[in-house]
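Please take a moment to open the structure and turn it around until you feel at home in it. We will then walk through a few places together.

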Amino acid sequence: MLTAPRRALSCLAFLLISACGDDDGTTNPPVTDPDTTATALSIISGDGQTGEVGTTLPVTLGVGVSNAGGDPLLGKTVSWTVESGGGSLAVSTSGTNAQGESTNAYTLGMTAGPNTVRASVDGTALTTTFTATGTPVVVLDTVPASIAIVSGNGQSAVVGEVLDSALIVKVRNAAGDSLVSAVTDWAVTAGDGTLLQDQVNSNVGGEIINIYTVSSSPRTDSIEVMVSSNPSLKVTFIATATSPPATAAVAVTDNAFAPDEVLVATGGSVTWNWGGSNDHDVTWVAGGLTNSTTQSAGSHLVTFSSAGSFDYYCTIHGSPTAGMRGKVEVKD
């Protein structure tokens, strides 16, 4: 029979053994941190939708991020990029929630057709692409009621040059909806400039676009646009043809001419200014103009007595067709 002291010692030993191991006598494994490395990115919502151009898709674009074991990862950053279609996203980056999911809203571009959006997990090579399709806006009333300039009015360009921005108008119905079936007639009413097209139809966004080259001599040009089915609806663009500059300057750097193309008036001059550390020269492809010496400092001036296009290059770092080369356009 165990005495009271012996019984106490036996109980203590049993408790110590129970605390140090499982019932089967093995030791508990240590607790390890979860794997937070993102190895998978999948689309969970929003792919393959269709909607009218310029509208926000009804279902948000959603992705899921997980580790190698398939566990969702919290706090991963997803970057979003519009790859085609010209639409827009609500945010450029978003984080994953406790379910490993990240979402974004997408508004379709203004051109009917395919739109694509890329999602990627920052710091990894994981990426996936959503597709969507934009359809033309349906307008029931197709009767033109007004025409208005959208952009491109009041520009200027050197004589004989194309305006930097296109001329854009919109034709609307009585309700103010842009018409995608409108036809317009264009005419130069002052000046001798030229239009890319004399008649232009509206695109799926309702815009009517044309390109204009200003007159061949300094003056103010006028371009009239009227609705073909209702000539009383019309607008007028103004454009200015300016004289070419009398002088221009080109920086000779290592190893490029900047800018590599300049424009001057007949009788004008161009000065090349060396600023790099390497030797360069200005050598003309065609004869009749003065070449510079090979130098790393100083300047070189050429005066142009006749109109034309004159190509040059550096014989050390370029050729007539590649490398360090440039052009001077001379206009009357």
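What follows is a short tour of one sheet, the loops beside it and a patch on the surface.

Before we start, keep in mind that this is a predicted model.

Let us begin with the sheet. In general, strands of a sheet pair through backbone hydrogen bonds, and they do so either parallel or antiparallel. Here, four strands make up an open sheet with mixed pairing, and their order is E22-E21-E24-E26. Strand E22 (256-258) and E26 are the edge strands, each pairing on one side only. Direction ignored, neighbouring strands of this sheet are turned against each other by 20 degrees on average.

Now look at one end of that order. Strand E21 (residues 247-253) and E22 run antiparallel and are joined by three bridges. Within this pair you can find Thr253 standing opposite Ala256 of E22. Between E21 and E22 comes a loop, and Asn255 has its place there. The peptide bond that joins Asp254 and Asn255 is cis, with an omega of about -5 degrees. As a general rule, most peptide bonds are trans, which makes this spot worth a look.

Where does the chain hold another cis peptide bond, this one leading to Pro259? It joins Ala258 and Pro259, with omega about -5 degrees. Pro259 sits in the loop between E22 and strand E23 (261-265). Strand E22 (256-258) thus gives you a handy landmark for finding both bonds.

Let us move to E26, the other edge strand. This strand covers residues 299-303, and Thr303 lies in it. Is Thr303 buried, partly exposed or exposed? Thr303 counts as partly exposed because its relative accessibility is 47%, and the range for that class runs from 20% to 50%. Leaving aside residues up to four places away in sequence, Thr303 touches Gly267, Gly268, Ser269 and Leu289. One of these, Ser269, is 34 residues away from Thr303 along the chain, yet their C-alpha atoms are separated by 4.1 Å.

Our last stop is on the surface. Val162, Leu196, Ile209 and Ile211 form a nonpolar patch there, and together they have about 320 Å² of accessible area. To find Leu196, look in the loop between strand E15 (194-195) and strand E16 (199-201). Why does Leu196 count as exposed? Its relative accessible area is 60%, and exposed means over 50%.

Methods: Residues are numbered from 1 along each chain as its sequence is written. This is a predicted model: local features need pLDDT of at least 70, side-chain atom pairs count only at pLDDT 80 or more; totals for chains, interfaces and linings use all residues. Side-chain values use heavy atoms; hydrogens and water are left out. Patches are made of residues with over 30% relative accessible area and no salt bridge: like charges are joined within 9 Å, nonpolar side chains (Val, Leu, Ile, Met, Phe, Trp, Tyr) within 5 Å. Accessible areas come from the Shrake-Rupley method with a 1.4 Å probe; for residues, only the protein chains shown count as cover. A salt bridge is a side-chain nitrogen of Lys or Arg within 4 Å of a carboxyl oxygen of Asp or Glu. Helices (H or I, at least four residues) and strands (E, at least two) are DSSP runs, numbered from the N terminus. Buried means under 20% relative accessible area, exposed over 50%, partly exposed in between (1.4 Å probe, protein chains only). Contact means heavy atoms within 4.5 Å. Two strands pair if DSSP finds at least two bridges between them. Axes are lines fitted to C-alpha atoms, for helices over the stretch in contact, and angles run from 0 to 180 degrees between N-to-C directions.
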